[in-house]
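User: I would like to go through this model by question and answer. Please keep the reasoning short and end each answer on what was asked for.

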Amino acid sequence: MFDQTNAKLLQQIKFLKAQDVVFWFVGLFVLAGAFIILFALIYDMGQTGIPRINQEFFLNFPSRFAGRAGILAAWVGSLCVVLVTALLAIPLGVATGVYLEEYAPKGWFSRMIELNILNLAGVPSIIYGIMALSLFVYEFGLKQSILTAGMTLGLLILPIIIVTTREAIRTIPNHIREASYALGATKWQTVRSHIVPYSFGGIMTGVVIALSRAIGETAPLLTVGAVAFIAFLPTPPVMAVAPYVSAQWLMDPYTVMPIQMFNWISRPQEEFHVNAAAAGIVLLSMTLVLNALAIFIRYRFRKKYKW
Amino acid sequence: MKNIKAEVKNLTFSYDKTSTGRPVLNSVSLPVFENSITALIGPSGCGKTTLLRCFNRMHDLYGAVKYEGKIILQPSGFDILSKQVDPLEVRMKVGMVFQKPNPFPKSIYENVAYGLKIRGIKKKSYLDDKVEDSLKKAGLWKEVSDRLKASASALSGGQQQRLCIARALATEPELLLLDEPTSALDPISTAHIEELIGELKKTVTILMVTHNLHQAGRASDFTAFMYLGDLIEFGESSQVFTNPKEEKTENYITGRFG
């Protein structure tokens with residue numbers, strides 16, 4: 001028989017509320033712990049690195065002398081590699097995501113592909129490096145080039161872009177698709193004028209986050225042969241003489257920010273560690289800027305569409 | 001007697017191609033008369049929405065389904081369900097308005113012009129005229145003529161539904177399907193829409209699913225009562241609601257079940 005006096009009920013409520021308070025404190029404690037560790041790391045790196053950052057640091061090539069060494073080759077290399085990565089991974093990843101959501105028949109085959117893409121997203125990056133070494137470097141003969149690096153990182157972030165594209169597309173309610181089809185639109189017309197535009201914010205958020213991951217990747221590039229000490233820039237893509245444009249830069253050797261850092265940190269001299277910390281600050285800022293951009297895009301587009 | 005605009009002949013429908021059990025629609029035959037409103041009524045799960053969505057082959061979007069029988073559009077004799085007919089062609093001839101207002105999150109103008117644009121019409125002056133004309137037919141022109149570039153999402157629910165009607169009218173469909181067009185709207189917007197479809201039947205043939213028996217009685221010329229996939233009774237609405245021939249129909253409209 002359900003028979004509760006009011007006093008008992010109040011007691012019950014008190015107990016349940018106490019549970020809430022306990023969890024509130026546990027959550028706060030864990031969160032604070034994470035923040036403190038993160039800030040301690042950034043503070044420590046900033047303390048050592050920030051005084052080292054000046055104009056020369058960005059404009060100098062690496063050097064035997066820590067005081068003259070800079071990150072010019074590294075940041076230009078990072079930019080070139082990420083550009084190649086983006087050009088390869090964005091069209092491929094977005095197209096795959098759209099195909100899987102809108103075109104592929106929902107059956108065991110598409111479920112299997114979905115599962116494998118999720119698995120790929122979890123494969124350690126060094127494995128991609130080893131695969132790229134045997135496939136791109138040796139099999140395709142692309143050597144230790146920017147192209148190889150871009151393709152390697154492109155493969156690495158492809159699953160992330162596919163998964164976020166699919167998730168963004170899934171937020172579009174089905175009645176919007178039906179509205180388009182009911183007017184006589186084809187799949188492609190529906191994808192082009194509705195699916196992609198309405199999920200663009202979500203897709204771009206995923207793309208930017210994936211690229212910010214690519215910028216920080218080290219392990220696969222070590223395997224495919226990023227050069228640690230490089231004192232020249234890639235060939236410029238435009239020339240003064242015919243044919244005026246050149247794709248030679250794609251085949252040039254390169255280094256990237258995290259590898260430059262890794263190189264400096266593994267030297268015994270203390271001065272190089274300062275350089276590493278400074279490069280770390282620059283790298284961290286690059287990824288933070290990208291992540292902030294992602295948040296901005298998501299915010300803009302979330303406000304735009306209300307279903 | 002009015003002309004027949006569309007005719008359902010012995011339509012049996014299953015969602016599953018391999019299904020051997022009871023079909024969702026069981027040998028349904030039904031005329032749809034020109035320039036009139038035909039209401040499909042019946043309890044949940046009776047197959048009225050399924051029948052409506054056969055008229056524009058909406059089921060084809062969701063994999064293999066099984067149609068047996070015909071739906072013939074007159075006077076052309078075009079068989080909607082024929083395997084040789086592309087569902088796209090059907091949807092170019094038959095418009096649809098859904099239960100929940102579903103304007104595209106684009107401008108009001110873009111919404112109405114979309115059906116014409118996907119048919120390859122680019123001429124601005126023609127599109128402008130067509131948009132204005134369709135919005136007028138849908139009784140929305142006065143409210144939105146000064147903000148055609150504004151987002152459709154900013155409109156109220158009732159306005160959005162009238163926009164969806166305008167969007168469907170822009171392509172001059174031979175037949176307009178309405179799937180419970182007022183069930184997500186307040187009473188005032190509902191009255192607006194009902195008044196509107198009463199006007200629209202002068203130019204277009206309307207087939208409407210409704211849960212609301214008063215609406216069917218008020219707004220429709222013909223009523224078809226369906227139950228568990230069977231068409232139980234079809235007739236002029238005045239007859240079906242005041243003097244039903246079948247006991248099941250009587251039980252349903254007097255509120256004894258459903």
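Analyst: This is a predicted model. A good place to begin is a helix pair in chain A: A:Phe200, A:Met204, A:Val208, A:Leu211 and A:Ile215 are among the residues of α8(A) that meet α11(A). On the α11(A) side, the residues met include A:Leu283, A:Leu290, A:Ala294, A:Ile297 and A:Phe301.

User: Are α8(A) and α11(A) roughly parallel or antiparallel?
Analyst: The axes of α8(A) and α11(A), the latter covering residues 270–304, come within 8 Å and cross at roughly 175°. Angles over 145 degrees count as roughly antiparallel. Because of that crossing angle, α8(A) is, relative to α11(A), roughly antiparallel.

User: How many nonpolar residues does the contact of α8(A) with α11(A) have?
Analyst: A:Ile209 in α8(A) and A:Leu293 in α11(A) are among the residues of this contact. Charged residues number three and polar ones seven. The nonpolar count is 13.

User: Which element gives the largest share of the side of chain A that touches chain B?
Analyst: Between the chains, 16 residues of chain A are in contact with 18 residues of chain B. Two elements of chain A give two or more residues to its side, α7 (174–182) and α8 (187–216). The largest share, six residues, comes from α7(A).

User: How many residues of that side of chain A are charged?
Analyst: The side of chain A that touches chain B has nine nonpolar residues. Another five are polar. The charged residues number two.

User: What radius of gyration does chain B have, set against a compact globule?
Analyst: Chain B has ten helices and ten strands, and its C-alpha trace spans about 55 × 40 × 35 Å along the principal axes. For 258 residues, a compact globule would have a radius of gyration near 18 Å. Chain B agrees with this, because its own value is 18 Å.

User: What percentage of the contacts in chain B between residues at least 6 apart in sequence join residues at least 24 apart?
Analyst: Buried residues make up 46% of chain B. For the contacts between residues at least 6 apart in sequence, the share that joins residues at least 24 apart is 68%.

User: Which residues have the most contacts inside the largest nonpolar core?
Analyst: In soluble globular proteins, nonpolar side chains tend to be buried together. The largest nonpolar core here has 78 residues, and its largest share, six residues, comes from helix α6 (residues 157–169) of chain B. A second, separate core of 60 residues includes A:Val98 and A:Met151. In the largest core, the residues with the most contacts are B:Ala166 and B:Ile206.

User: Which lysine is B:Ile206 in contact with, leaving aside its neighbours within four places in sequence?
Analyst: With those neighbours left aside, B:Ile206 is in contact with B:Ile37, B:Leu176, B:Leu178, B:Ile197 and B:Leu200. The lysine in contact with B:Ile206 is B:Lys201.

User: Where is B:Pro75 placed?
Analyst: The peptide bond from B:Gln74 to B:Pro75 is cis, with omega near 5°. B:Pro75 lies in the loop between β4 (66–73) and β5 (78–79) of chain B.

User: Is B:Glu172 buried, exposed or partly exposed?
Analyst: B:Glu172 is in the loop between α6 and β7 (175–179) of chain B, and has a positive phi of about 50° although it is not a glycine. A residue is buried at 20 or more other C-beta atoms within 10 Å and exposed at 12 or fewer. B:Glu172 has 16, so this residue is partly exposed.

Technical notes:
Residues are numbered from 1 along each chain as its sequence is written. Chains are lettered from A and ligands numbered from 1 in the order in which they are written. This is a predicted model: local features need pLDDT of at least 70, side-chain atom pairs count only at pLDDT 80 or more; totals for chains, interfaces and linings use all residues. Two residues are in contact if their C-beta atoms, placed from the backbone, lie within 7 Å. Helices (H or I, at least four residues) and strands (E, at least two) are DSSP runs, numbered from the N terminus. Ala, Val, Leu, Ile, Met, Phe, Trp, Tyr, Cys and Pro count as nonpolar, Asp, Glu, Lys and Arg as charged, and the others, Gly among them, as polar. The radius of gyration is taken over C-alpha atoms; the globule rule is 2.2 Å times the number of residues to the power 0.38. A nonpolar core is a set of buried Ala, Val, Leu, Ile, Met, Phe, Trp, Tyr and Cys residues joined through C-beta atoms within 7 Å. Axes are lines fitted to C-alpha atoms, for helices over the stretch in contact, and angles run from 0 to 180 degrees between N-to-C directions. Angles under 35 degrees count as roughly parallel, over 145 as roughly antiparallel, 65 to 115 as roughly perpendicular and the rest as oblique.
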